[in-house]
Amino acid sequence: MLELIVRGQRNDEDALEQIIEGYQRRVAAMIRTLVHDDDWQDLCQQVFVKMVLGLSRLKNIETFESWLFTIARNSCFDHLRRRRAK
């Protein structure tokens with residue numbers, strides 16, 4: 001997986017697709033658990049867009065998984081805050 005992350009940092013589309021496929025179910029499960037609404041698919045897409053845009057700035061590739069799930073958690077919390085504000 002570390003090789004895929006390095007390739008993803010260089011914007012290798014194949015590597016990015018493989019990373020997304022590898023984490024898609026776990027990220028989706030986490031998001032569904034936290035938000036409990038139909039917006040979970042949009043949130044998943046947002047998380048992976050943020051991952052792709054930020055991957056080149058990730059300094060320690062060994063922390064990729066925790067970094068990705070932090071993005072997912074923060075996206076969920078932001079979504080819940082916006083929903084509560086309405």
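Reader: Let's start with the first helix. Which residue follows α1, and what is its phi?

Author: Asn11 comes after α1, and its phi is positive, near 65°. Before going on, note that this is a predicted model, in which local features need pLDDT of at least 70 and side-chain atom pairs count only at pLDDT 80 or more, while totals for chains, interfaces and linings use all residues. Residues are numbered from 1 along each chain as its sequence is written, and side-chain values use heavy atoms, without hydrogens or water. Helices are DSSP runs (H or I, at least four residues), numbered from the N terminus.

Reader: How should I read a positive phi, and where does Asn11 lie?

Author: Most residues other than glycine have a negative phi. Asn11 has a positive value without being a glycine, and it sits in the loop between α1 and α2. Asn11 is exposed, at 55% relative accessible area; the classes are buried under 20%, exposed over 50% and partly exposed in between, with a 1.4 Å probe and protein chains only. His36 is another non-glycine residue with a positive phi, about 55°. His36 belongs to the loop between α2 and α3 and counts as exposed, with 65% relative accessibility.

Reader: Which residues of α1 are buried?

Author: A helix has a repeat to keep in mind: with 3.6 residues a turn, residues three or four places apart point the same way. In α1, the buried residues are Leu4, Ile5 and Gly8. They span an arc of only 100° around the axis, so they lie on the same side of α1; the arc is taken from the directions from the helix axis to the C-beta atoms. The buried residues of α1 pack against α2 and α4 (64–85).

Reader: How do α1 and α2 pack, in angle and axis distance?

Author: For two packed helices, one quotes the angle between the axes and the distance between them. Here α1 (residues 2–9) and α2 (residues 13–35) meet at about 130°, with axes 8 Å apart. The two helices are therefore oblique to each other: under 35 degrees is roughly parallel, over 145 roughly antiparallel, 65 to 115 roughly perpendicular, and the rest oblique. On the α1 side, Leu4, Ile5, Arg7 and Gly8 meet Asp14, Ala15, Leu16, Gln18 and Ile19 of α2, where contact means heavy atoms within 4.5 Å. These contact residues divide into 5 nonpolar, 2 polar and 2 charged. Asp14, in α2, is partly exposed at 41% relative accessibility. Asp14 and Leu4 are 10 residues apart in sequence and 8.8 Å apart in space, C-alpha to C-alpha.

Reader: How do α3 and α4 cross, left-handed or right-handed?

Author: Their axes come within 10 Å and cross at roughly 135°. The crossing of α3 and α4 is right-handed. Residues in this contact include Leu43, Val47, Phe48 and Met51 of α3, and Phe64, Trp67, Leu68 and Ile71 of α4. The contact residues of this pair comprise 9 nonpolar, 3 polar and 1 charged.

Reader: And Gln41: is that residue buried or exposed?

Author: Gln41, part of α3 (residues 40–54), is exposed, with a relative accessible area of 51%. Gln41 and Ala28 are 13 residues apart in sequence and 7.4 Å apart in space, C-alpha to C-alpha.

How values were computed: Axes fitted to C-alpha atoms, helices over the stretch in contact; angles between N-to-C directions. Nonpolar A, V, L, I, M, F, W, Y, C, P; charged D, E, K, R; others polar. Left-handed = near helix turned anticlockwise from the far one by under 90°.
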